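Trainee: I've got a model open on my screen and I'd like to learn how to read it. Could you walk me through it?

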Amino acid sequence: MSLAELAERKGPNPRVLVVEDEDDIRTLVRYNLEQESFRVDEARDGAEAYDLIRRRAPDAVVLDLMLPGMPGLELCQKLRADSATRALPILMLTAKGSEVDRILGLEMGADDYVVKPFSPRELVARIRAVLRRAQVNSAAAAGPIYERGRLRIDMGTYEVFVDGQERQLCLREFELLRFFVEHPMRVYSREQLLDLVWGRDVFVEPRTVDVHVRRLRRQIERDDSKPELILTVRSVGYRFNPEALG
Ligand code: CA
């Protein structure tokens, strides 16, 4: 599978947090979401919801406005004020005919609303829609393009092109390449690369870096027996030389 395909497959099913104090409605929403393979968390009030969101960020929130304690609108505002949760999709549940709630909710940053009593099918469709929009937005935000000479890297879709030809990199090769282009010219030791690209929690031998560099060179160098882009700095490590791209 190519990296682009991997990026397409968003891993596990989306997790939705349902914030509603009325048990019947919460259970109804949960049931319908689970029928559609969503994973569901529940909270009965704003404080519990806020706590849950910070511990295990959901992919979307279904938020009732009428909650004991912290009202839905206040929670909405709080989530929007925090950079970690600013983009979290929020679907509001509002009481029938309460125009004021709807307008306020959208002003406070909700992405969409459903009026009670709602059809479960519509609710699920709306959640899908806010999730889709959020995905498009985050792909656009996280997708800068690196382009120099014969090399083009799309950071959002994980696609790498050399002379217009797509190269199939594994995830770690891609991350190593991204690290190199973002930190040109500086020399990094194998241990530093392990820390910075693989992460400290992973136990891998420094030799792993050499293996990945070798594979990466095969993909992006003109002649991988005479590398010009990823240079070996003897007894130190590696450095990326974008000058060779022209
Ligand atoms: Ca309620």
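Mentor: Let's go from the overall picture to the metal site and then to the helices. Keep in mind that this is a predicted model.

Trainee: Fine. How many helices and strands does the protein have?

Mentor: Counting them gives nine helices and twelve strands. Of the 246 residues, 43% count as buried. You can also ask how far apart in sequence the contacting residues are. Taking contacts between residues at least 6 apart in sequence, 53% join residues at least 24 apart.

Trainee: Now the metal. Which residues are the protein donors of the calcium ion?

Mentor: For a site like this, list the donor atoms, then look at where they sit in the chain. Here the side chains of Glu 20 (OE), Asp 21 (OD), Glu 22 (OE) and Asp 64 (OD) are joined by Met 66 (O), at 2.1 to 3.1 Å from the ion. Their spacing in sequence reads E-D-E-x41-D-x1-M. Glu 20 is in the loop between β1 (15–19) and α2 (23–35), while Met 66 is in the loop between β3 (60–64) and α4 (72–81), so this pair ties together parts 46 residues apart in sequence.

Trainee: And are Glu 20 and Met 66 buried or exposed?

Mentor: Compare the relative accessibility with the cut-offs: under 20% is buried and over 50% is exposed. Glu 20 comes out at 0%, so it is buried. Met 66 has 60%, so it is exposed.

Trainee: What about α4 itself: which residues are buried there?

Mentor: For a helix, find the buried residues and then see where they point. In α4 they are Gly 72, Leu 73, Leu 75, Cys 76, Leu 79 and Arg 80. Because they cover an arc of only 160 degrees around the axis, they lie on the same side of α4.

Trainee: Next, helix packing. At what angle do α7 and α8 pack?

Mentor: Look at the angle, then at who makes the contact. Helix α7 (residues 171–182) meets helix α8 (residues 190–198) at about 110 degrees, with the axes 10 Å apart. They are therefore roughly perpendicular. On the α7 side the contact uses Arg 172, Glu 175, Leu 176, Phe 179 and Phe 180, and on the α8 side Leu 193, Leu 196, Val 197 and Trp 198. By class that is seven nonpolar, no polar and two charged residues.

Trainee: And how do α8 and α9 pack?

Mentor: The angle between α8 and helix α9 (residues 207–220) is about 75 degrees, and their axes are 9 Å apart. That makes α8 roughly perpendicular to α9. Among the contact residues are Leu 193 and Trp 198 of α8 and His 212 of α9. The classes here are four nonpolar, two polar and two charged.

Terms used. Residues numbered from 1 in each chain as written. Predicted model: local features only at pLDDT ≥ 70, side-chain atom pairs only at ≥ 80, totals over all residues. Heavy atoms only, no water. Donors = N, O, S within 2.8 Å, 3.2 Å for Na, K, Ca; no water. Helix = DSSP H or I, 4+ residues; strand = E, 2+ residues; numbered from the N terminus. Buried < 20%, exposed > 50% of the residue type's maximum accessible area, 1.4 Å probe, protein only. Axes fitted to C-alpha atoms, helices over the stretch in contact; angles between N-to-C directions. Parallel < 35°, antiparallel > 145°, perpendicular 65-115°, else oblique. Contact = heavy atoms within 4.5 Å. Nonpolar A, V, L, I, M, F, W, Y, C, P; charged D, E, K, R; others polar. Arc of directions from axis to C-beta.
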